[in-house]
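Biologist: Could you put the model up and walk me through how the two chains meet, and then the sheets and helices?

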Amino acid sequence: MIEIQKIEKQFGNLSVLKGVDASFNAGNVVSIIGPNGSGKTTLIKCILGMVVPDNGSIQFAGKNILNDYSYRQQLGYMPQIGRYPENMKMGQLFAMMKDLRKSAHVLDEELINEYQLMAMQDKPMRTLSGGTTQKVSAALAFLFNPKVLILDEPTAGLDPLAAEILKAKITKAKEEGKLIIITSHIMSEVEEIADSIMYLYEGKVNFYKTITSLKQETGEEKLGKAIAKIMKSQSHA
Amino acid sequence: MLKIAKYVIYDILRSKVLIAYTLFLLVISFSLFALETDGAKSIVSLLSIVLIIVPLISIIFTTTYFYNSYEFIELLVAQPLARNTILLGEFLGVALSMAATFFIGIGIPVLIYASSSTGMILLLAGIVLTLSFISIAFFASVAMRDKAKGIGLSLLLWFYFSVIYDAIVLAFLFSFSDYPLDRAVIALASLNPIDMARLMVLMKLDISALMGFTGAVYKQFFGSSFGLFYTIGIMLFWITLPLLASVRIFKKKNL
């Protein structure tokens, strides 16, 4: 579905991505993990076309995304910190997004209903709490029934109940054959919903493996421990 | 593009800044017309408002608006919309609301008190000036990531076009006063939208006789129909060039 080849990106003197190769396939939940500043969000923004890479290519369903925008029809994005026009009311925001996207897909309003967002539709976006804003971001990402979902730290800031609803929604989307790319720092959550893990370290892919093979190789039961073991063995090598 | 412009206009209407600006222009132009019985004299006083205040407000309002709607732009960039559609939609929204503001604030009093051809030229010059300074403001705000730097650059550009540039032209005229400069002066005026707007109106006011030999050259050149097309062409150039430059930058911008 998405093929990334030798992506490089520099911000000023700071080299954020140093040649990342990866491919993501439909029906998978891939979790991108890595320390802060390892380039996770930049990689995601490259796929979204929000950041233009200096080098390398990204293909979406066989087509280069450079100077193309129609592929974003198939994308749903939930940012780490959702920022919306402050004066706009929540109901107006949803109406505007529907108007702007004019999607041919059937709308998926499940999250709007489950989070009961319509009860708050007259509230201006600037008055919403961080958690509610995250719920709006999640609902917007799923709204247009996209084939690919990109979620940047989706459960950070959500209360446990809302996080469970979102995780159930992610699992359901996976069963529908969608590709879901998630960044997260919470290992237990990654273990629960992801199939494969891509570890990004200082702008490079350190490893990209399925969770089962990770556990087999290290002989550990818990994902957190397995990853720690790999990191240790690499630092000794 | 039109849809984006529509949401931009909604958003601008919700903030009260432009309404205050409209009232300000209305008060100024009505009081100028009330003070003078001769409409042409009021037009000259209005001209200085149009040449100084209108570009200043246009450039400052547009720059602050652009940075304040950064969230909206970020949201749009992740959607299936082309980057140039997004930027041109933003421009169209701001341009329509600012032009409407100018038309209400200055246009209506002029139509009531001085609906001569001079009044029409003043309105045309004002609207074109508004649009070109919005375009320049877009360039400054797309080029600078930091809000303070963007507003600083906008103010600097305004200061350059309304003060510094004229000083440079004067210095140039003084140092080369032994040479025939008539053509050079026309070329120099074309490099500044404010000068072009000023000439457009002054030529209509028949006071070019006061400007000596240069005035005669101006009159001969800008008074002709070729001169009119030239002026309009140059003004259009001042609207499109900064806008095209900002589209180019915006296409490669990291958000």
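Modeller: Sure, with one term settled beforehand: two strands pair if DSSP finds at least two bridges between them. And keep in mind that this is a predicted model.

Biologist: With that in hand, in which sense do E9(A) and strand E10 pair, parallel or antiparallel?

Modeller: E9(A) covers residues 196-201, and E10 of chain A covers residues 204-210. There are 6 bridges between them, and in one of the pairings A:Ser196 sits opposite A:Thr210. The sense of the pairing is antiparallel.

Biologist: Which residue in the turn of that hairpin has a positive phi?

Modeller: The hairpin of E9(A) and E10(A) leaves 2 residues between the strands. One residue in the turn has a phi of about 50 degrees, and that is A:Glu202.

Biologist: What is the bridge partner of A:Val30 in E9(A)?

Modeller: Strand E3 of chain A, residues 29-33, is joined to E9(A) by 4 bridges, and these two strands run parallel. We've already met the partner, since it also stands opposite A:Thr210 in E10(A). For A:Val30 the partner is A:Ser196.

Biologist: Now the open sheet of 4 strands in chain A: which are its edge strands?

Modeller: The order is E2-E1-E4-E5, with antiparallel pairing. At one end, E5(A) is joined to strand E4 (residues 55-60) by 2 bridges, with A:Phe60 opposite A:Lys63. An edge strand here pairs on one side only, and that picks out E2 (14-24) and E5 (63-64) of chain A.

Biologist: Over to the interface. Which element gives the most to the side of chain B that touches chain A?

Modeller: In total, 18 residues of chain B are in contact with 17 residues of chain A. Two elements of chain B give two or more residues to that side, helix H1 (2-14) and helix H4 (70-77). The biggest giver, with 5 residues, is H4(B).

Biologist: And how many residues on that side of chain B are charged?

Modeller: The side of chain B that touches chain A has 9 nonpolar residues and 3 polar ones. The number of charged residues there is 6.

Biologist: What covers the buried residues of H4(B)?

Modeller: The buried residues of H4(B) are B:Phe72, B:Ile73, B:Leu75, B:Leu76 and B:Val77. Their cover includes two helices of chain B, H1 and H5 (83-113).

Biologist: How are H1(B) and H5(B) set to each other?

Modeller: Their axes come within 7 Å and cross at roughly 45 degrees, and the crossing is right-handed. The contact draws on B:Ile4, B:Val8 and B:Ile12 of H1(B), among others, and on residues of H5(B) including B:Ile86, B:Gly89 and B:Leu96. By class, this contact has 9 nonpolar, 4 polar and 1 charged. Given an angle of roughly 45 degrees, the two helices are therefore oblique.

Biologist: Last one: why do H9(B) and H11(B) count as roughly antiparallel?

Modeller: H9 (residues 193-204) and H11 (residues 225-251) of chain B pack with their axes 10 Å apart, in a left-handed crossing. B:Pro193, B:Met196 and B:Met200 of H9(B) meet B:Thr231, B:Ile234, B:Met235 and B:Trp238 of H11(B), a contact with 6 nonpolar, 1 polar and no charged residues. Angles over 145 degrees count as roughly antiparallel, so the helices earn that label because their angle is about 150 degrees.

Key: Residues are numbered from 1 along each chain as its sequence is written. Chains are lettered from A and ligands numbered from 1 in the order in which they are written. This is a predicted model: local features need pLDDT of at least 70, side-chain atom pairs count only at pLDDT 80 or more; totals for chains, interfaces and linings use all residues. Two residues are in contact if their C-beta atoms, placed from the backbone, lie within 7 Å. Ala, Val, Leu, Ile, Met, Phe, Trp, Tyr, Cys and Pro count as nonpolar, Asp, Glu, Lys and Arg as charged, and the others, Gly among them, as polar. Axes are lines fitted to C-alpha atoms, for helices over the stretch in contact, and angles run from 0 to 180 degrees between N-to-C directions. Angles under 35 degrees count as roughly parallel, over 145 as roughly antiparallel, 65 to 115 as roughly perpendicular and the rest as oblique. A crossing is left-handed if the near helix is turned anticlockwise from the far one by less than a right angle, and right-handed if clockwise. A residue is buried if 20 or more other C-beta atoms lie within 10 Å of its own, exposed if 12 or fewer, and partly exposed in between; C-beta atoms are placed from the backbone.
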